[in-house]
Amino acid sequence: MNKKIQLLDIGNKNYKETWEYQEELFKKIVDLKILNRNSDSQPLPTPNFFLYVTHPHVYTLGKSGDFSNLLLSEKQLQEKGASFYKINRGGDITYHGPGQIVGYPILDLENFFTDIHKYLRFLEEAIILTLAEYGLKTERSPGETGVWFDVGTPFARKICALGVRASRWVTMHGFALNVNSDLGYFDNIIPCGIRGKAVTSMHVELGREVNEEEVKEKILKHFSVLFESSFV
């Protein structure tokens with residue numbers, strides 16, 4: 001099993017280009033798994049990747065999402081300088097933009113464990129542990145993926161959204177953590193299709209701008225411990 005993960009920080013990148021890049025890496029792993037299965041020789045180790053990216057303003061809708069959760073017309077999207085894509089991950093609608101850390105682990109889970117629910121919980125845990133380093137107490141919300149504050153109260157608010165796709169135990173898509181995000185963009189959707197619950201950011205909760213590179217490093221630290229892996 002290959003527990004090394006190639007870290008690829010691709011900076012500020014258009015959503016469609018990044019999605020296509022994810023698909024390339026995903027296919028690379030799947031094709032190698034098929035080759036290994038059909039070969040009599042020693043299996044070749046499958047690679048793992050972890051993409052960090054920041055997207056220009058974009059709304060994405062998961063495959064089972066409800067289009068009515070986007071509250072903007074095509075013209076209004078253009079006026080806000082935002083784009084929209086219906087994509088092949090789970091979950092409903094979400095927003096990506098500047099000030100947000102987006103992570104796309106493209107892993108062969110057969111290198112780690114074959115349990116998609118455990119995978120999602122580990123993604124959440126990496127974020128929960130990272131936020132705890134800033135004195136922020138977050139948790140899971142039963143039946144709602146992601147990372148939240150004040151679950152079960154009228155003040156419940158989400159700081160990190162999750163949405164993944166997995167096929168042949170290979171993952172893509174991932175998480176989006178609001179660090180210094182402009183939360184006004186969330187007013188144009190019903191985030192994750194959940195009504196009556198707010199969205200927040202590290203900036204809002206701490207009352208100051210946060211160093212995004214520092215946050216990225218902390219996420220990787222916790223991710224590598226949880227997955228018993230190393231980044232290269």
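The following paragraphs describe salt bridges in this predicted model. A search of the whole structure finds 16 salt bridges, and several of them are followed here in turn.

Helix 1, which spans residues 15-37, is a suitable place to begin. Within helix 1, Lys16 and Glu20 lie four residues apart, about one turn of the helix. Their side chains meet in a salt bridge, with an N to O distance of 2.6 Å. Both partners are partly exposed: Lys16 has a relative accessible area of 39%, and Glu20 has one of 40%.

Further along helix 1, Lys27 and Asp31 are likewise four residues apart, again about one turn of the helix. The side chains of Asp31 and Lys27 form a salt bridge at 2.7 Å, N to O. Asp31 is partly exposed, with a relative accessible area of 36%.

Attention now passes to helix 5, which covers residues 212-226. Here Glu213 and Lys216 are separated by about one helical turn, because they stand three residues apart in that helix. Their side chains meet in a salt bridge of 3.2 Å, N to O. Glu213 is partly exposed, with a relative accessible area of 44%. Lys216, by contrast, has a relative accessibility of 10% and therefore counts as buried, the cut-off for that term being under 20%.

Beyond such individual pairs, salt bridges can also share partners. In this way Arg121, Glu124, Glu125 and Arg140 are joined into one network.

Note on methods. Residues numbered from 1 in each chain as written. Predicted model: local features only at pLDDT ≥ 70, side-chain atom pairs only at ≥ 80, totals over all residues. Heavy atoms only, no water. Salt bridge = Lys/Arg side-chain N within 4 Å of Asp/Glu carboxyl O. Helix = DSSP H or I, 4+ residues; strand = E, 2+ residues; numbered from the N terminus. Buried < 20%, exposed > 50% of the residue type's maximum accessible area, 1.4 Å probe, protein only.
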